[in-house]
Amino acid sequence: MSARRENRNQRTSMRMGVLDLFVVIIGICLAVLAVLALSTSMASLRLSERQTQSMQHIYDVDTAGQRFAADLDGKVQDVVLSGVAASDMLAEINRQLADVVDDVASASAEILVEAEVRQPDQMASSFSDEYSASDLTRFIGGVRVLFTSDDGYLLTCLFGIDDKGAVEALTWKSTRIWDESAQNEQLWLG
Amino acid sequence: MDSWDYYSTSERPRTTSRVRSTFMVEALLLLACVVILLAVTIALFAFASATSTKAQRMQESADIAQNAAEQFTANPAGMPDILSSGDYTVRCDVSKEETQAGLLYNAYVIVLYEGDEMCSLEASRYVPGQRALSVTPPVESAPQDAQTVPGDSAPTEGSQA
(Lines give C-alpha, C1' and ligand atoms only; values in the text may rest on other atoms or scores of the structure.)
Protein backbone atom coordinates (compact mmCIF):
# COMPACT_ATOMS: atom_id res chain seq x y z
CA MET A 1 0.00 0.00 0.00
CA SER A 2 2.73 2.35 0.92
CA ALA A 3 4.71 1.52 -2.23
CA ARG A 4 1.71 2.22 -4.49
CA ARG A 5 1.11 5.53 -2.79
CA GLU A 6 4.71 6.44 -3.22
CA ASN A 7 4.57 5.55 -6.90
CA ARG A 8 1.48 7.71 -7.40
CA ASN A 9 3.15 10.64 -5.77
CA GLN A 10 6.19 10.27 -7.95
CA ARG A 11 4.09 10.38 -11.21
CA THR A 12 3.55 13.96 -12.35
CA SER A 13 0.61 14.35 -14.79
CA MET A 14 0.10 17.17 -17.32
CA ARG A 15 -2.84 19.29 -16.34
CA MET A 16 -4.53 22.10 -18.20
CA GLY A 17 -3.47 25.41 -16.83
CA VAL A 18 -4.66 28.97 -17.32
CA LEU A 19 -2.31 29.51 -20.23
CA ASP A 20 -3.63 26.43 -22.04
CA LEU A 21 -7.18 27.59 -21.56
CA PHE A 22 -6.28 31.03 -22.84
CA VAL A 23 -4.66 29.57 -25.95
CA VAL A 24 -7.64 27.33 -26.62
CA ILE A 25 -10.04 30.27 -26.40
CA ILE A 26 -7.83 32.39 -28.65
CA GLY A 27 -7.64 29.49 -31.10
CA ILE A 28 -11.38 29.06 -31.25
CA CYS A 29 -11.88 32.80 -31.76
CA LEU A 30 -9.30 32.90 -34.54
CA ALA A 31 -10.83 29.90 -36.27
CA VAL A 32 -14.32 31.41 -36.13
CA LEU A 33 -13.04 34.74 -37.46
CA ALA A 34 -11.18 33.02 -40.27
CA VAL A 35 -14.23 31.04 -41.33
CA LEU A 36 -16.39 34.17 -41.22
CA ALA A 37 -13.87 36.14 -43.28
CA LEU A 38 -13.71 33.34 -45.81
CA SER A 39 -17.46 33.01 -46.14
CA THR A 40 -17.85 36.78 -46.46
CA SER A 41 -15.28 37.01 -49.21
CA MET A 42 -16.78 34.05 -51.06
CA ALA A 43 -20.21 35.64 -50.85
CA SER A 44 -18.79 38.93 -52.17
CA LEU A 45 -17.19 37.13 -55.07
CA ARG A 46 -20.40 35.31 -55.89
CA LEU A 47 -22.33 38.56 -55.70
CA SER A 48 -19.86 40.26 -58.04
CA GLU A 49 -20.07 37.40 -60.52
CA ARG A 50 -23.84 37.54 -60.48
CA GLN A 51 -23.80 41.29 -60.92
CA THR A 52 -21.51 40.94 -63.93
CA GLN A 53 -23.71 38.23 -65.46
CA SER A 54 -26.81 40.27 -64.82
CA MET A 55 -25.26 43.29 -66.52
CA GLN A 56 -24.26 41.16 -69.54
CA HIS A 57 -27.79 39.76 -69.85
CA ILE A 58 -29.33 43.22 -69.64
CA TYR A 59 -27.06 44.43 -72.45
CA ASP A 60 -27.82 41.27 -74.47
CA VAL A 61 -31.53 42.02 -74.51
CA ASP A 62 -30.77 45.67 -75.10
CA THR A 63 -28.67 44.73 -78.13
CA ALA A 64 -31.56 42.66 -79.46
CA GLY A 65 -33.82 45.66 -78.94
CA GLN A 66 -31.52 47.96 -80.87
CA ARG A 67 -31.37 45.47 -83.73
CA PHE A 68 -35.13 45.20 -83.74
CA ALA A 69 -35.41 48.99 -83.87
CA ALA A 70 -33.05 49.08 -86.83
CA ASP A 71 -34.94 46.38 -88.72
CA LEU A 72 -38.35 47.83 -87.92
CA ASP A 73 -37.23 51.26 -89.06
CA GLY A 74 -36.02 49.75 -92.31
CA LYS A 75 -39.27 47.88 -92.88
CA VAL A 76 -41.38 50.94 -92.15
CA GLN A 77 -39.28 52.96 -94.53
CA ASP A 78 -39.78 50.30 -97.20
CA VAL A 79 -43.51 50.39 -96.63
CA VAL A 80 -43.59 54.18 -96.91
CA LEU A 81 -41.45 54.19 -100.05
CA SER A 82 -43.61 51.52 -101.65
CA GLY A 83 -46.48 54.00 -101.59
CA VAL A 84 -48.82 52.22 -99.21
CA ALA A 85 -51.59 54.45 -97.90
CA ALA A 86 -51.40 55.49 -94.29
CA SER A 87 -54.57 53.58 -93.48
CA ASP A 88 -53.04 50.33 -94.77
CA MET A 89 -49.58 50.96 -93.40
CA LEU A 90 -50.15 49.17 -90.12
CA ALA A 91 -51.53 46.08 -91.82
CA GLU A 92 -48.53 45.98 -94.15
CA ILE A 93 -46.13 46.35 -91.23
CA ASN A 94 -47.98 43.54 -89.49
CA ARG A 95 -47.36 41.30 -92.50
CA GLN A 96 -43.65 42.04 -92.48
CA LEU A 97 -43.19 41.87 -88.72
CA ALA A 98 -42.38 38.15 -88.75
CA ASP A 99 -39.30 38.84 -90.90
CA VAL A 100 -38.04 41.39 -88.39
CA VAL A 101 -38.58 38.98 -85.51
CA ASP A 102 -36.81 36.18 -87.36
CA ASP A 103 -33.87 38.42 -88.17
CA VAL A 104 -33.45 39.49 -84.55
CA ALA A 105 -33.96 35.95 -83.24
CA SER A 106 -31.30 34.60 -85.58
CA ALA A 107 -28.83 37.29 -84.52
CA SER A 108 -29.49 36.70 -80.80
CA ALA A 109 -30.05 32.99 -80.37
CA GLU A 110 -30.62 33.12 -76.60
CA ILE A 111 -33.28 35.81 -76.82
CA LEU A 112 -36.94 35.04 -77.35
CA VAL A 113 -38.67 37.79 -79.34
CA GLU A 114 -42.41 38.35 -79.37
CA ALA A 115 -43.84 41.24 -81.33
CA GLU A 116 -47.31 42.39 -82.19
CA VAL A 117 -48.82 45.39 -83.89
CA ARG A 118 -50.95 47.61 -81.68
CA GLN A 119 -53.69 50.03 -82.62
CA PRO A 120 -53.49 53.44 -80.90
CA ASP A 121 -56.28 52.59 -78.45
CA GLN A 122 -54.51 49.33 -77.55
CA MET A 123 -51.28 51.22 -77.02
CA ALA A 124 -52.98 53.60 -74.64
CA SER A 125 -54.64 50.79 -72.69
CA SER A 126 -51.40 48.78 -72.43
CA PHE A 127 -49.37 51.71 -71.21
CA SER A 128 -52.04 53.72 -69.46
CA ASP A 129 -49.71 54.54 -66.59
CA GLU A 130 -47.25 56.20 -68.98
CA TYR A 131 -49.35 57.56 -71.83
CA SER A 132 -52.87 58.79 -72.25
CA ALA A 133 -54.80 58.40 -75.48
CA SER A 134 -54.20 62.06 -76.31
CA ASP A 135 -50.41 61.52 -76.21
CA LEU A 136 -50.69 58.89 -78.89
CA THR A 137 -52.94 60.65 -81.39
CA ARG A 138 -50.05 61.43 -83.71
CA PHE A 139 -49.40 57.72 -84.24
CA ILE A 140 -51.29 55.47 -86.60
CA GLY A 141 -50.30 52.56 -84.40
CA GLY A 142 -47.34 50.87 -82.89
CA VAL A 143 -45.40 47.70 -82.30
CA ARG A 144 -45.04 46.16 -78.89
CA VAL A 145 -42.07 43.84 -78.48
CA LEU A 146 -40.96 41.58 -75.66
CA PHE A 147 -37.39 40.32 -75.55
CA THR A 148 -36.86 37.53 -73.04
CA SER A 149 -33.50 35.99 -72.24
CA ASP A 150 -33.00 32.46 -70.94
CA ASP A 151 -32.29 33.84 -67.50
CA GLY A 152 -35.53 35.73 -67.29
CA TYR A 153 -34.34 39.21 -68.25
CA LEU A 154 -37.11 41.02 -70.03
CA LEU A 155 -37.06 44.09 -72.24
CA THR A 156 -40.42 45.61 -73.09
CA CYS A 157 -40.49 48.06 -75.97
CA LEU A 158 -43.24 50.01 -77.59
CA PHE A 159 -42.53 51.70 -80.90
CA GLY A 160 -44.96 54.29 -82.17
CA ILE A 161 -45.33 54.77 -85.93
CA ASP A 162 -46.79 57.91 -87.43
CA ASP A 163 -48.35 58.35 -90.85
CA LYS A 164 -45.09 59.63 -92.35
CA GLY A 165 -43.29 56.47 -91.36
CA ALA A 166 -41.36 57.93 -88.46
CA VAL A 167 -40.74 55.43 -85.72
CA GLU A 168 -40.32 56.44 -82.11
CA ALA A 169 -39.47 54.29 -79.12
CA LEU A 170 -42.10 55.19 -76.56
CA THR A 171 -41.24 52.58 -73.98
CA TRP A 172 -37.93 50.88 -73.29
CA LYS A 173 -38.23 49.05 -70.02
CA SER A 174 -35.79 46.46 -68.76
CA THR A 175 -37.01 44.16 -65.99
CA ARG A 176 -36.51 40.68 -64.69
CA ILE A 177 -39.13 37.98 -64.39
CA TRP A 178 -39.60 36.88 -60.80
CA ASP A 179 -38.49 33.30 -60.43
CA GLU A 180 -39.69 31.63 -57.26
CA SER A 181 -37.33 28.68 -57.59
CA ALA A 182 -34.34 31.02 -57.82
CA GLN A 183 -35.01 32.02 -54.24
CA ASN A 184 -33.48 28.74 -53.16
CA GLU A 185 -30.13 29.78 -54.58
CA GLN A 186 -27.75 30.52 -51.79
CA LEU A 187 -25.92 33.75 -52.19
CA TRP A 188 -24.41 33.58 -48.77
CA LEU A 189 -22.26 30.49 -48.40
CA GLY A 190 -21.48 30.95 -44.75
CA MET B 1 7.30 6.36 4.46
CA ASP B 2 5.47 9.45 5.56
CA SER B 3 4.04 11.76 2.94
CA TRP B 4 6.23 14.52 4.12
CA ASP B 5 9.14 12.36 3.23
CA TYR B 6 8.25 12.82 -0.39
CA TYR B 7 9.91 16.20 -0.29
CA SER B 8 12.69 14.89 1.75
CA THR B 9 16.25 15.51 0.84
CA SER B 10 16.98 12.47 -1.26
CA GLU B 11 13.79 12.60 -3.48
CA ARG B 12 13.64 16.35 -4.20
CA PRO B 13 16.08 16.63 -7.14
CA ARG B 14 14.51 13.73 -9.06
CA THR B 15 10.98 15.05 -8.66
CA THR B 16 11.91 18.59 -9.57
CA SER B 17 13.59 17.38 -12.71
CA ARG B 18 10.52 15.37 -13.69
CA VAL B 19 8.26 18.36 -13.19
CA ARG B 20 10.53 20.48 -15.30
CA SER B 21 10.60 17.97 -18.11
CA THR B 22 6.83 17.63 -17.98
CA PHE B 23 6.47 21.40 -18.16
CA MET B 24 8.80 21.50 -21.14
CA VAL B 25 6.81 18.80 -22.96
CA GLU B 26 3.60 20.64 -22.19
CA ALA B 27 5.03 23.93 -23.39
CA LEU B 28 6.34 22.38 -26.57
CA LEU B 29 2.98 20.77 -27.28
CA LEU B 30 1.25 24.07 -26.68
CA LEU B 31 3.70 25.83 -28.95
CA ALA B 32 3.14 23.24 -31.67
CA CYS B 33 -0.63 23.67 -31.36
CA VAL B 34 -0.29 27.44 -31.56
CA VAL B 35 1.96 27.22 -34.62
CA ILE B 36 -0.42 24.87 -36.41
CA LEU B 37 -3.39 27.03 -35.53
CA LEU B 38 -1.65 30.18 -36.71
CA ALA B 39 -0.58 28.51 -39.94
CA VAL B 40 -4.12 27.41 -40.73
CA THR B 41 -5.78 30.67 -39.77
CA ILE B 42 -3.21 32.82 -41.57
CA ALA B 43 -3.71 30.74 -44.70
CA LEU B 44 -7.46 31.15 -44.38
CA PHE B 45 -7.17 34.90 -43.82
CA ALA B 46 -4.83 35.24 -46.79
CA PHE B 47 -7.21 33.30 -49.03
CA ALA B 48 -10.15 35.36 -47.80
CA SER B 49 -8.24 38.56 -48.47
CA ALA B 50 -7.33 37.46 -52.00
CA THR B 51 -10.91 36.44 -52.73
CA SER B 52 -12.22 39.70 -51.37
CA THR B 53 -9.79 41.68 -53.50
CA LYS B 54 -10.81 39.69 -56.56
CA ALA B 55 -14.49 40.33 -55.81
CA GLN B 56 -13.83 44.04 -55.41
CA ARG B 57 -11.93 44.21 -58.70
CA MET B 58 -14.65 42.29 -60.47
CA GLN B 59 -17.29 44.65 -59.15
CA GLU B 60 -15.26 47.71 -60.10
CA SER B 61 -14.62 46.32 -63.56
CA ALA B 62 -18.34 45.62 -64.01
CA ASP B 63 -19.12 49.21 -63.10
CA ILE B 64 -16.42 50.50 -65.44
CA ALA B 65 -17.70 48.30 -68.27
CA GLN B 66 -21.20 49.57 -67.72
CA ASN B 67 -19.98 53.17 -67.74
CA ALA B 68 -18.13 52.55 -70.99
CA ALA B 69 -21.19 50.91 -72.52
CA GLU B 70 -23.33 53.88 -71.55
CA GLN B 71 -20.73 56.24 -72.95
CA PHE B 72 -20.86 54.26 -76.19
CA THR B 73 -24.65 54.37 -76.20
CA ALA B 74 -24.62 58.13 -75.76
CA ASN B 75 -22.17 58.71 -78.59
CA PRO B 76 -21.36 55.57 -80.56
CA ALA B 77 -19.40 57.38 -83.26
CA GLY B 78 -17.15 59.17 -80.80
CA MET B 79 -16.18 56.23 -78.64
CA PRO B 80 -12.39 55.97 -78.15
CA ASP B 81 -10.73 52.58 -78.61
CA ILE B 82 -8.90 52.72 -75.29
CA LEU B 83 -10.06 54.26 -72.06
CA SER B 84 -8.22 54.38 -68.79
CA SER B 85 -9.80 54.40 -65.37
CA GLY B 86 -7.34 54.13 -62.52
CA ASP B 87 -5.58 50.80 -62.77
CA TYR B 88 -8.14 49.56 -65.26
CA THR B 89 -7.94 49.75 -69.01
CA VAL B 90 -11.06 49.62 -71.13
CA ARG B 91 -10.80 48.37 -74.69
CA CYS B 92 -13.76 49.15 -76.87
CA ASP B 93 -13.97 47.56 -80.30
CA VAL B 94 -16.65 49.40 -82.21
CA SER B 95 -17.96 48.17 -85.52
CA LYS B 96 -20.80 49.59 -87.56
CA GLU B 97 -23.26 47.81 -89.72
CA GLU B 98 -25.35 49.48 -92.37
CA THR B 99 -29.05 48.79 -92.09
CA GLN B 100 -31.87 49.74 -94.40
CA ALA B 101 -32.54 53.02 -92.68
CA GLY B 102 -29.44 53.85 -90.69
CA LEU B 103 -26.41 52.48 -88.92
CA LEU B 104 -26.22 49.87 -86.22
CA TYR B 105 -23.14 50.31 -84.06
CA ASN B 106 -21.88 47.30 -82.14
CA ALA B 107 -19.34 47.60 -79.36
CA TYR B 108 -17.39 44.91 -77.58
CA VAL B 109 -16.18 46.35 -74.29
CA ILE B 110 -13.40 44.60 -72.41
CA VAL B 111 -12.09 45.72 -69.03
CA LEU B 112 -8.51 44.76 -68.22
CA TYR B 113 -6.67 44.93 -64.94
CA GLU B 114 -2.91 44.69 -65.35
CA GLY B 115 -3.45 42.87 -68.63
CA ASP B 116 -5.94 40.38 -67.27
CA GLU B 117 -9.45 40.41 -68.64
CA MET B 118 -11.89 41.06 -65.82
CA CYS B 119 -15.15 41.69 -67.56
CA SER B 120 -16.61 42.03 -71.04
CA LEU B 121 -19.93 42.91 -72.56
CA GLU B 122 -21.52 43.65 -75.89
CA ALA B 123 -23.64 46.69 -76.55
CA SER B 124 -25.38 48.04 -79.60
CA ARG B 125 -26.83 51.35 -80.63
CA TYR B 126 -28.99 52.07 -83.62
CA VAL B 127 -28.58 55.45 -85.24
CA PRO B 128 -31.27 56.19 -87.79
CA GLY B 129 -30.77 58.01 -91.03
CA GLN B 130 -32.53 61.23 -91.95
CA ARG B 131 -35.79 60.58 -90.17
CA ALA B 132 -36.17 61.17 -86.48
CA LEU B 133 -36.23 57.79 -84.81
CA SER B 134 -35.52 57.72 -81.15
CA VAL B 135 -34.42 54.46 -79.63
CA THR B 136 -33.29 56.00 -76.38
CA PRO B 137 -35.24 54.68 -73.41
CA PRO B 138 -37.69 57.39 -72.41
CA VAL B 139 -36.88 59.07 -69.12
CA GLU B 140 -39.96 59.15 -66.95
CA SER B 141 -39.25 62.46 -65.31
CA ALA B 142 -38.01 64.15 -68.46
CA PRO B 143 -40.33 66.05 -70.77
CA GLN B 144 -41.43 64.34 -73.95
CA ASP B 145 -39.06 66.40 -76.11
CA ALA B 146 -36.06 65.14 -74.17
CA GLN B 147 -36.76 61.59 -75.28
CA THR B 148 -35.46 62.07 -78.76
CA VAL B 149 -31.81 61.42 -79.31
CA PRO B 150 -29.79 64.58 -79.64
CA GLY B 151 -27.98 62.94 -82.55
CA ASP B 152 -26.74 65.94 -84.43
CA SER B 153 -23.75 64.11 -85.75
CA ALA B 154 -25.26 60.66 -85.85
CA PRO B 155 -27.86 61.17 -88.59
CA THR B 156 -25.25 62.97 -90.62
CA GLU B 157 -23.03 59.94 -90.41
CA GLY B 158 -25.95 57.74 -91.29
CA SER B 159 -26.60 59.82 -94.36
CA GLN B 160 -22.92 59.84 -95.24
CA ALA B 161 -22.82 56.07 -95.06
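## Exercises: a bent helix and its core

In α3(A), the buried residues (under 20% relative accessible area, 1.4 Å probe, protein chains only) are M89(A), L90(A), E92(A), I93(A), Q96(A), L97(A), V100(A), V101(A) and V104(A). Heads up: this is a predicted model, where local features need pLDDT of at least 70 and side-chain atom pairs count only at pLDDT 80 or more, while totals for chains, interfaces and linings use all residues. Side-chain values use heavy atoms, without hydrogens and water, and residues are numbered from 1 along each chain.

**Exercise 1.** Work out what covers the buried residues of α3(A), and where this helix bends.

*Solution.* Step one: look around the helix, a DSSP run of H or I with at least four residues. The cover includes α2, β1, β2 and β3 of chain A. Step two: follow the axis, and you'll find a bend of about 40° at Q96(A). That bend is the angle between axes fitted to the seven residues ending there and the seven starting there.

**Exercise 2.** Find which members of the largest nonpolar core touch the most other members.

*Solution.* Step one: collect buried Ala, Val, Leu, Ile, Met, Phe, Trp, Tyr and Cys residues joined through side-chain atoms within 4.5 Å. The largest such core has 31 residues, and F68(A), L72(A), I93(A), V143(A), F147(A) and F159(A) touch the most other members. Step two: see who supplies them; α2(A) gives the largest share, 8 residues.

**Exercise 3.** Decide whether L112(B) is buried or exposed.

*Solution.* Step one: find L112(B) in strand β3 (residues 102-113) of chain B. Step two: its relative accessibility is 15%, so L112(B) counts as buried.

Key. Chains are lettered from A and ligands numbered from 1 in the order in which they are written. Buried means under 20% relative accessible area, exposed over 50%, partly exposed in between (1.4 Å probe, protein chains only). Helices (H or I, at least four residues) and strands (E, at least two) are DSSP runs, numbered from the N terminus. Contact means heavy atoms within 4.5 Å.
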